Amino acid sequence: MFYDAEFAFLKNLLKNLYINFTVIEAPASGIPHTLPVFDLGLRSLLYNERDYTRFLTPALQRLNTPNTIFRIQDQYMCNYICMQLPDTQDKFLYLLIGPYVNHKINRQTLLNFAEELSLYPKQFTQINKYYSDLPFLTDEETLFAITTTFGEKIWENTENFSVEYIENTLTERVVPVTSDSDFREPEEAFLSIQVLEKRYASENHLLHMVSQGLMHNAETALSSNNFLLLEQRLADPVRNIKNYCIILNTLLRKAAEQGGVHPLHIDNLSAKFARKIEQITSPDGGPALQKEMVHKYCLLVKNHSMKGFSLLVQKTLTRIDSDLTADLSLKAQARFLNVNASYLSTLFKKETGMTLTDYVNKKRVENAVFLLNSTSMQIQNIAQYCGIADVNYFTKIFKKYMHRTPKEYRQELAQANRRR
């Protein structure tokens, strides 16, 4: 196909966004004997069969329209985007993106759904897990924009294709599934097992991204975990989302630890989020906090990871970060660690690329900048909070790194605030 590169890019993009897609191939002479599982196993659970031919045959007859992008919502609250691909020679080739949901599906909705289809309790348990694991797209239009951009490539411009919105295209039955004399209740929770395996794999991917400090990758991985759509384990929805946020906070703690961050920093951030979690007043408060948690833990790894440093340098860095007001001179550090000062100096510079004194001064100036931005403390007091008793020496060090005195920095900050 002339658009092989673009098609490969689209498929990789969907994989990275954790959105399922299925490529369906049918001969020009008719419908094939077997068709792929396109819905992550939902119909297999409901109808207790693996052959998807009868499910897709009527749909493909409807979707067999060239130069058209279909936006579909089926009878099971699942959304899809489908198109027939051009230039496929002696066969029909369809791209089916989905399933995904674009709104929260609560337990009551699922109970009504289960009653309508007369599901057994075991089926409901699996259905609950199924919907909790589906991609939840709060901004479905972004996915559609990606798809239409692909359409512009394969059909040359927007005037050469159309968009059609349809509902219940993948409808198979109008009677309860369990009323069929051939129906048998599934003996194994195969769907539950698949969902759990997928969720844990996705969870591990998220933790790996955080442990590397890869913020964008971690935020993308967070969206695939759908902590807001996990099954409601408690009747209180607020307590439920708080509990899932607590779980996420715990997982991120371990990811940061794997990323080489000292427990001192991890505990400070974890405690901050523990307080924020308990301040949640509605389920809607969960998404932003979860995203902030992933963002801040990634920053923690980027700024405080000690991977690659020797144990001696790690201890030195931790002591510096823990108390900038302490005596952090080379002599004091060596005495604290019970090592030779010259050896510590050489090792520290080799591993960090700067002398211990320069590193300490840089950290103290960074703290001074924070205090100048966030407080109205006198400069002399700021110097003391940064571990420098002599305000003149503090000014000299500050100017070395910031190319202006603390007073000049504060004046520029005040002028900038007035212009806003």
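**Entry 1: strand β3**

I started with strand β3, residues 79-85, and found it mostly covered, with seven of its seven residues buried. I am working from a predicted model. Next I asked which way the β3 side chains point. N79, I81, M83 and L85 point one way. Y80, C82 and Q84 point the other way. Residues on both sides are buried.

**Entry 2: β3 and β2**

I then looked up the pairing with strand β2, residues 68-73. β2 and β3 run antiparallel and share five bridges. I picked out R71 and found that its bridge partner in β3 is I81. I81 belongs to the set that includes N79, M83 and L85, pointing one way from the strand. The two strands make a hairpin with five residues between them. I checked the backbone there, and M77 takes a positive phi near 70°.

**Entry 3: β3 and β4**

I turned to strand β4, residues 91-100. β4 pairs with β3 in the antiparallel sense, over six bridges. Opposite L85 I found L93 of β4. L85 itself is buried. This pair of strands also forms a hairpin, with five residues between β3 and β4. D87 sits in the turn and has a positive phi of about 55°.

**Entry 4: the whole sheet**

What is the order of the strands in the sheet? I read it as β1-β4-β3-β2-β5. The sheet is open, has five strands and shows mixed pairing. Its edge strands are β1 (21-27) and β5 (162-167), each pairing on one side only. On average, neighbouring strands are turned by 20° against each other, direction ignored.

I followed the β1 edge further. β1 and β4 are antiparallel and joined by seven bridges. V23 stands opposite L95 of β4.

**Entry 5: a helix across the strands**

I looked for what lies over these strands. Helix α1, residues 4-16, lies across β1, β3 and β4. Against β1, helix α1 runs at about 140°.

**Entry 6: E257**

Last, I checked a residue outside the sheet strands. E257 is in helix α9, residues 237-258. Is E257 buried, exposed or partly exposed? Its relative accessibility is 42%, so I logged E257 as partly exposed. The cut-offs behind that call are under 20% for buried and over 50% for exposed. I also looked up its spacing to M306. The two residues are 49 apart in sequence. In space, E257 and M306 are 10.0 Å apart, C-alpha to C-alpha.

Methods. Residues numbered from 1 in each chain as written. Predicted model: local features only at pLDDT ≥ 70, side-chain atom pairs only at ≥ 80, totals over all residues. Heavy atoms only, no water. Buried < 20%, exposed > 50% of the residue type's maximum accessible area, 1.4 Å probe, protein only. Helix = DSSP H or I, 4+ residues; strand = E, 2+ residues; numbered from the N terminus. Pairing = 2+ DSSP bridges. Axes fitted to C-alpha atoms, helices over the stretch in contact; angles between N-to-C directions. Contact = heavy atoms within 4.5 Å.
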